[in-house]
Amino acid sequence: MFAGVELGGTKCICILGSGPDDIRDQVAVPTTTPEDTLGAIAEILDSWDFHALGIAGFGPLQLDPAAPDYGCVVNSPKRSWNGANLLTLAGDKPFALDTDVNGAALAEGRWGAAQGLDSWAYITVGTGIGIGSISGRQPLRGLGHSEAGHQRVPRLAGDGFAGNCPFHGDCVEGMASGPAIEARANRKGSDVAPDDPAWAFAAHSIAMLCHNLVLTSLPQRILIGGGVVTGQPQLLDQIRARLIDSLAGYAATALVTGDIDNFLQPPGLGSHAGPLGALALAQDAARLK
Ligand code: ADP
Ligand code: ZN
């Protein structure tokens, strides 16, 4: 039996089980202050019997075990969370910690739309744009974790929006996240008409991000989910068409463009990818112990 905690920007989900077909309990806790939220989560975990804990969190997170602030939220736009130590939740149990998107990507590989693959990427387009890039069935890792949603890509001709990333302005997250679309269109994302130019601009930025992922490591598949793409399913075909156009037949990219519906897919686990990601991390923690 494993426990997982998906720490999200608005709510955290605690999950007990061994996989999608065996969920024993699931409890949501609102994300407020680290003290209150982590305290409430610790109480839930205390009441459960499990072997290992997986924590999949919004970041940025310090994932270097040699760093003094290992396991802490660092330099997050959610300022009150900076320095919050997520590892206090693990007690003396085996644990694994990773970003929410790396967790979701691993869950897709184990139970969802990336089963049987060695390399894939999971993109969420929601409040932010996060990417879990998997190579050799492991998340890509350097000194820290991927923040590839903040890469800069050329804007579509005619797009005059300045972008709303507080760090970079017109990075992909600043151009195509839910809040970016709302800032462009001046209304709620769900109220922006499907033929509004905001969608073409967003689809372009996301397609450029996919272009860069394809040419960086040629993953076998890219999964795109999150509230924006789930709520606007027409975006997926627009992203596919713009990606084919952008790659322009270069190098081995025919492998991708010749089978685009297979290459670019929605996540198989839908909105369950997040909490199941925490469970996948817990399984890995138990295996590595
Ligand atoms: P989070 O990224 O916080 O985990 P979600 O993936 O659910 O959350 O994404 C939330 C974002 O999705 C919000 O910015 C919201 O405006 C946007 N969104 C939700 N529904 C729709 C919709 N139908 N069309 C466009 N955008 C939407
Ligand atoms: Zn940015």
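Visitor: Which residues of β9 point one way, and which the other way?

Guide: In this predicted model, Arg 221, Leu 223 and Gly 225 point one way from β9, while Ile 222 and Ile 224 point the other way, and all of them are buried. The strand covers residues 221-225, and with five of its five residues buried it is mostly covered.

Visitor: What order do the strands have in the open sheet of five?

Guide: The order is β8-β7-β6-β9-β10, and the pairing in this open sheet is mixed. The edge strands, each pairing on one side only, are β8 (138-139) and β10 (264-265).

Visitor: How many bridges join β6 and β9, and in what sense do they pair?

Guide: Strand β6, residues 120-125, pairs with β9 in the parallel sense, and there are five bridges between them. To find this pairing in the structure you could look for Trp 120, which stands opposite Arg 221 in β9.

Visitor: And β9 with β10, parallel or antiparallel?

Guide: Those two strands pair in the parallel sense as well, over two bridges, and here Leu 223 stands opposite Gln 265 in β10.

Visitor: What about β7 and β8, parallel or antiparallel?

Guide: Strand β7, residues 129-135, runs antiparallel to β8, and two bridges join them. Ser 135 is the residue that stands opposite Gln 138 in β8.

Visitor: Switching to the metal, which protein donors does the zinc ion (ligand 2) have?

Guide: The zinc ion (ligand 2) has His 150 and His 168, each through ND1, and Cys 165 and Cys 171, each through SG, as its protein donors, at 2.1 to 2.4 Å. Along the sequence, these donor residues follow the spacing H-x14-C-x2-H-x2-C.

Visitor: Why is the site tetrahedral?

Guide: Four donors count as tetrahedral if all angles lie between 85 and 135 degrees, and the angles among the four donor atoms of the zinc ion (ligand 2) are 103 to 120°, so the site is tetrahedral.

Visitor: Cys 165 and His 168, are they buried or exposed?

Guide: Cys 165 is buried, because its relative accessible area is 7% and the cut-off for buried is under 20%. His 168, at 29%, counts as partly exposed.

Visitor: Now ligand 1: which residues come nearest?

Guide: There are 13 residues around ligand 1, and the ones that come nearest are Gly 126, Thr 127, Glu 182, Gly 227 and Gln 232.

Visitor: Which atoms of Glu 182, Gly 227 and Gln 232 lie 2.6 Å or 2.8 Å from the ligand?

Guide: For Glu 182 it is an N or O atom in the side chain, 2.6 Å from an oxygen atom of ligand 1. Gly 227 places a backbone N or O atom 2.8 Å from an oxygen atom of the ligand, whereas Gln 232 has a polar side-chain atom 2.8 Å from a nitrogen atom of ligand 1.

Visitor: How much of ligand 1 does the protein cover, and which elements give two or more residues to its shell?

Guide: On its own, ligand 1 has 580 Å² of accessible area, of which the protein covers 62%. The elements that give two or more residues to the shell are α4 (178-185) and α6 (227-231). Helix α6 also holds Val 228, which is buried at a relative accessible area of 12%. The C-alpha atoms of Val 228 and Gly 128 are separated by 10.0 Å, although the two residues are 100 residues apart along the chain.

Visitor: Going back toward the N terminus, why is β5 largely enclosed?

Guide: Strand β5, residues 95-99, has four of its five residues buried, so the rest of the structure largely encloses it. Its partner β4, residues 52-57, runs parallel to it and is joined to it by five bridges, with Leu 53 having Phe 95 as its bridge partner.

Visitor: What is found in the loop between β4 and β5?

Guide: Pro 60 is in that loop, and the peptide bond leading to it from Gly 59 is cis, with omega near -5°. Asn 75 has its place there too, with a positive phi of about 55° although it is not a glycine. Most residues other than glycine have a negative phi, and most peptide bonds are trans.

Visitor: Asn 75 and Asn 186, buried or exposed?

Guide: Asn 75 is exposed, with a relative accessible area of 57%, and Asn 186 counts as exposed at 70%. Asn 186 has a positive phi near 65° and lies in the loop between α4 and α5 (197-217).

Key:
Residues are numbered from 1 along each chain as its sequence is written. Chains are lettered from A and ligands numbered from 1 in the order in which they are written. This is a predicted model: local features need pLDDT of at least 70, side-chain atom pairs count only at pLDDT 80 or more; totals for chains, interfaces and linings use all residues. Side-chain values use heavy atoms; hydrogens and water are left out. Donors are N, O and S atoms within 2.8 Å of the metal (3.2 Å for Na, K and Ca); water is not among the atoms, so sites may look incomplete. Four donors count as tetrahedral if all angles lie between 85 and 135 degrees; four count as square planar and six as octahedral if opposite donors are over 155 degrees apart and all others between 65 and 115; anything else is irregular. Buried means under 20% relative accessible area, exposed over 50%, partly exposed in between (1.4 Å probe, protein chains only). Two strands pair if DSSP finds at least two bridges between them. A residue is near a molecule or strand if one of its heavy atoms lies within 4 Å of it. A polar contact is a pair of N or O atoms within 3.5 Å; within protein, one must be able to donate a hydrogen and the other to accept it, and residues adjacent in sequence count only if both atoms are side-chain atoms. Accessible areas come from the Shrake-Rupley method with a 1.4 Å probe; for residues, only the protein chains shown count as cover.
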